[in-house]
Amino acid sequence: MRTEDLIKALVVDLTVSKMRFQHILLGAITSGAIIATAVFLLRLGVRPDFGHALDSARFLFKFVFALSLIIAAAALLSRLAIPGVSAGFWAWGWLLAPALLVVAVAAELFVTPAESWQPRLVGSNARVCLTLIPLLSIAPLACIMLALRQGAPTRPGLAGAVAGLVASGIAATLYASHCTDDSPLFVATWYSLAIGLVALVGYVVGSRALRW
Amino acid sequence: MGLRGAEEEWALLMRAAINGDSSAYSLFLASLTPALRTVARRNCARIGLDSCEAEDVVQEVLLAIHLKRHTWDVDRPIGPWIMTIARNKLIDARRRRGNRPTLPIDDLADILTAEGTDDTMDRQDLDHLVGKLGERQQDLVRSLSMEGHSIQETAKRLNMSEGAVRVALHRAIKALAALYRGGDQ
């Protein structure tokens, strides 16, 4: 078959498609977040003292951390999945979330006595955290992966890992409102571990499923 | 045609194609192909691939450009988008042959300044891949490409609805891209 013949077939296959990839990705992140929120509200729900907790800086910081992770990772992801667009600022922008975490940990160590560090770090929900964040990530990760198959990531594994960061960021935001461990020491240890796990799954899935 | 000129023309044609203008799309692919061919040949020679494999790379790049055209942001220049796709496919081709993945691949300027070569080779590879499609899909692809029939004629001949022909063609094109990639469809 000559290349000219292939071109004929491609031209016949042309359809009007004004939907751009950015919209597909944004739609996938939104639907993943909606599904995860629905699952969360039906099965878990926010902690009983939610209204009271809103006065606590530690409690609020968990959302600052998780939301900054979602935004920075999503911005990076949309660049990784489009050919010929450089990541630019966002190649490093995702470090904002861990940087905020380091500052919060330093502040926590400064204002709390050393004897309290261990119980604050271990908390009471470590295992729950390590289970629920990955579980709540499943729907967002699946939605984002499906969207990424429409994209064209030059590095499929990396795109999959960053998809894992977005998905676990959504999960961490939800889980943060349920969990009663608010110390940055707890967040830095167990949230990071759970998020890293989801990113690893994203990497493995991505390097297989996102080739094009 | 100057460096900017070619890129701007391609962008213009592709924007029209996205809005459904198939003659613009045909022009776009026809104008892009000779440039892609030169780049593919030059790079294939440099990275130790047989120069006749270049035409396979050209066809694979065209398939990818077609299937991923929604990833081009219409407000951005089209050159880097095309170049990245072409480079990816060259890297894939090299990897499939088990060659060292360290040699650099020529850059964008090469696509845009390339003197187009219009001579086209009949490629066994694509025929071989088309042969792996189902019988009906093969019939349909040949009818719409080599035989140059319209959707209406093909639908009538194969006793299918026009919608079904369109769907089957799109599936066949996706299947061909997957076969090129190494058969994970």
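## Chain B overall

Of the 185 residues in chain B, 41% count as buried, meaning that 20 or more other C-beta atoms lie within 10 Å of the residue's own; exposed residues have 12 or fewer, partly exposed ones fall in between, and C-beta atoms are placed from the backbone. This is a predicted model, in which local features need pLDDT of at least 70 and side-chain atom pairs count only at pLDDT 80 or more, while totals for chains, interfaces and linings use all residues. Residues are numbered from 1 along each chain as its sequence is written, and chains are lettered from A and ligands numbered from 1 in the order in which they are written.

Chain B holds nine helices and zero strands, where helices (H or I, at least four residues) and strands (E, at least two) are DSSP runs numbered from the N terminus. Its elements therefore read α-α-α-α-α-α-α-α-α from the N terminus on. Among contacts in chain B with a separation of 6 or more, 62% are between residues 24 or more positions apart; a contact here means that two C-beta atoms, placed from the backbone, lie within 7 Å.

## A helix pair and a loop in chain B

Let's look at helix α3 (residues 54–67) and helix α9 (residues 162–181) of chain B, which pack at an angle of about 130 degrees with their axes 10 Å apart. The axes are lines fitted to C-alpha atoms, for helices over the stretch in contact, and angles run from 0 to 180 degrees between N-to-C directions. α3(B) and α9(B) are therefore oblique to each other, since angles under 35 degrees count as roughly parallel, over 145 as roughly antiparallel, 65 to 115 as roughly perpendicular and the rest as oblique. The crossing of α3(B) past α9(B) is left-handed: the near helix is turned anticlockwise from the far one by less than a right angle, whereas clockwise would make it right-handed.

On the α3(B) side, the contact is made by Glu60(B), Leu63(B), Ala64(B), His66(B) and Leu67(B), and on the α9(B) side by Ile173(B), Lys174(B), Leu176(B), Ala177(B) and Tyr180(B). By class, that contact has seven nonpolar, one polar and two charged residues. In this scheme Ala, Val, Leu, Ile, Met, Phe, Trp, Tyr, Cys and Pro count as nonpolar, Asp, Glu, Lys and Arg as charged, and the others, Gly among them, as polar.

Just before α9 you will find Asn159(B), in the loop between α8 (151–158) and α9 of chain B. Asn159(B) has a phi near 60 degrees, a positive value in a residue other than glycine. With 7 other C-beta atoms within 10 Å, Asn159(B) is exposed.

## Chain A overall

Chain A has 10 helices and zero strands, and the pattern along its sequence is α-α-α-α-α-α-α-α-α-α. Its C-alpha trace spans about 75 × 35 × 25 Å along the principal axes. Of its 212 residues, 46% count as buried. Residues 24 or more positions apart make up 88% of the contacts in chain A with a separation of 6 or more.

One residue to find on your screen is Gln118(A), in helix α7 (residues 117–122) of chain A. Gln118(A) has 9 C-beta neighbours inside 10 Å and so counts as exposed. Its C-alpha atom is 36 Å from that of Ala142(A), which is 24 residues apart along the chain.

## The nonpolar core and α9 of chain A

The largest nonpolar core has 123 residues, and those with the most contacts inside it are Ala73(A), Ile144(A) and Val166(A). Such a core is a set of buried Ala, Val, Leu, Ile, Met, Phe, Trp, Tyr and Cys residues joined through C-beta atoms within 7 Å. Helix α9 (residues 156–176) of chain A gives the most to this core, with 13 residues. Leaving aside residues up to four places away in sequence, Ala73(A) touches Trp94(A), Val162(A), Leu165(A), Val166(A) and Gly169(A).

Helix α2 (residues 21–43) of chain A packs with α9(A) at an angle of about 35 degrees, their axes 10 Å apart, and passes α9(A) in a right-handed crossing. From α2(A) come Ile29(A), Gly32(A), Ala33(A), Ala36(A), Thr37(A) and Phe40(A), which meet Val166(A), Ala167(A), Ile170(A), Ala171(A) and Leu174(A) of α9(A). Nine nonpolar, two polar and no charged residues form this contact.

## Where the chains meet

The contact between the chains takes 29 residues from chain A and 42 residues from chain B. Helix α1 (residues 3–12) of chain A gives the most to the chain A side, with 10 residues. That side has 15 nonpolar, six polar and eight charged residues. α1(A) is mostly covered, with nine of its 10 residues buried, including Leu6(A), Ile7(A) and Leu10(A).
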